[in-house]
Amino acid sequence: MTVRHLSTAVEARIDRAARRLLDAGHQPRRPLRLAVTEFLVFGAKQAWACTFGALVLATMVVVHLTVPPAARNDVLTVSAAAIQVGMLVAGLETVRELRVVLVFHLVGTVMEVFKTHVGSWQYGDDGWLVVAGVPLFSGFMYGAVGSYTVRVVRLFDLRFDRWPRQWLLVVVAAGIYANFFGHHFLWDARSVLLALVVALFARTTVHVRVHRATVRMPVLVAMVLVALFIWLAENVATWAGAWTYPDQTDGWQPVAPTKVVAWLLLMVISVALVAWLYPQVRSAPAARHRPGLEARPTAAPSAALRRSAGSRRPRGAHADHPHSVQLSGPSGSLPLAANPQPSATKRP
């Protein structure tokens with residue numbers, strides 16, 4: 001099997017350190033210890049995937065508390081750009097991931113220009129780094145969603161069962177994006193689009209590799225959880241004065257919970273963009289394996305097996321999972337501190 005490398009040298013070092021730490025000692029593998037380890041690794045990976053968004057959100061809070069209102073928009077724009085460049089230079093993000101962020105930035109900025117002009121929300125009028133009256137930092141917030149989406153695919157080695165047909169996903173995502181504009185002039189099709197999303201992903205499940213265990217959950221549940229966390233971040237951002245909804249002009253109040261639906265629909269657009277930018281890899285059918293074996297390290301292959309594997313390699317990134325779909329991460333990278341199988345980490 002072809003060796004797959006981590007995306008950045010920084011992540012490679014973190015991966016090696018995490019393996020030494022998590023697998024240190026010779027204590028018995030008690031169920032409680034295993035569960036706690038998997039939970040902590042899951043939280044660490046989620047935090048790592050949220051790096052860009054978390055730094056931008058923290059910057060909003062700091063700027064709100066320390067910078068005069070007249071300069072806040074420009075300071076936020078410069079800070080967000082500096083964070084992006086810093087992550088790239090420091091090896092925390094790849095050039096290919098940066099391209100994804102820029103696509104999200106463009107798509108989000110177009111919608112921001114329209115939404116602010118029809119009064120859905122508003123920004124401060126101060127600043128020089130604006131386009132059509134919208135501060136440029138607004139696009140970085142959509143870029144943060146794109147950054148999280150593409151990084152979480154890589155870090156958790158996500159695989160999907162019963163992935164919908166790509167053209168159907170594109171049609172629904174395009175309808176959602178068009179409705180963000182059209183519902184101001186025509187009938188709001190949000191409820192119909194939400195029903196289509198449920199029908200599209202009703203049978204789709206995602207396999208999430210944490211450290212040694214792989215868990216499975218419905219994709220709809222995963223997208224709802226992400227939408228909920230974006231809504232919580234939106235509350236912090238509006239409190240920090242990054243933008244204001246009409247019902248917040250007389251004083252800050254929590255963002256309406258119904259916005260979770262809007263963020264869920266945005267997640268569908270995000271998934272469609274990532275699926276388009278990162279081609280799907282279908283696994284070849286193979287014999288079924290007993291549940292749980294993927295969470296255990298396997299023995300090193302024999303020399304004869306290695307020679308035979310070199311002449312006939314299995315197709316797909318996960319040949320042991322029939323009829324599954326994997327969204328390829330950047331450069332075919334391995335997830336952070338995961339996938340302990342020698343077949344994925346050593347040359348045959």
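**View 1. R209 and D157, a buried pair in a predicted model.** This model is predicted, and in it both R209 and D157 are buried. The two side chains form a salt bridge, with the closest N and O atoms 3.7 Å apart. The pair ties together distant parts of the chain: R209 belongs to strand β4 (residues 205–209), while D157 lies in the loop between α6 and β3 (159–161), and 52 residues separate them. Side chains of opposite charge can pair when their charged atoms come close.

**View 2. The other salt bridge, R190 with D188.** How many salt bridges does the structure hold? There are 2, and here we look at the one where the side chains of R190 and D188 meet, at 3.8 Å from N to O. Are these two residues buried or exposed? Neither word quite fits: buried means under 20% relative accessible area and exposed means over 50%. R190 comes out at 24%, so it counts as partly exposed. D188 has a relative accessible area of 29%, so it is partly exposed too.

**View 3. Helix α6 from end to end.** Helix α6 covers residues 137–155, which makes 19 residues. What span should we expect for α6? At 1.5 Å a residue, the helix should span 27 Å, and its end C-alpha atoms are 26 Å apart, which agrees. Now check its surroundings: 19 of the 19 residues of α6 are buried, so the rest of the structure largely encloses this helix. After α6 comes D157, which has a positive phi, near 50°. You've already met D157 as the salt-bridge partner of R209.

**View 4. Strand β4 and its two faces.** Follow the side chains along β4: T205, H207 and R209 point one way, V206 and V208 point the other way, and all are buried. Why this zigzag? In a regular strand the side chains alternate between the two faces of the sheet. With 5 of its 5 residues buried, β4 is largely enclosed by the rest of the structure.

**View 5. The strands that pair with β4.** Which way do β3 and β4 run relative to each other? They run antiparallel, joined by 3 bridges. For a spot to look at, find D161, which stands opposite T205 in β4. β4 also pairs with strand β5 (residues 214–218), again in the antiparallel sense, over 5 bridges. One place to see this pairing is V208, whose bridge partner in β5 is V215. Together β4 and β5 make a hairpin, with 4 residues between them.

Technical notes: Residues are numbered from 1 along each chain as its sequence is written. This is a predicted model: local features need pLDDT of at least 70, side-chain atom pairs count only at pLDDT 80 or more; totals for chains, interfaces and linings use all residues. Side-chain values use heavy atoms; hydrogens and water are left out. The expected span of a helix is 1.5 Å times one less than its number of residues. Buried means under 20% relative accessible area, exposed over 50%, partly exposed in between (1.4 Å probe, protein chains only). A salt bridge is a side-chain nitrogen of Lys or Arg within 4 Å of a carboxyl oxygen of Asp or Glu. Two strands pair if DSSP finds at least two bridges between them.
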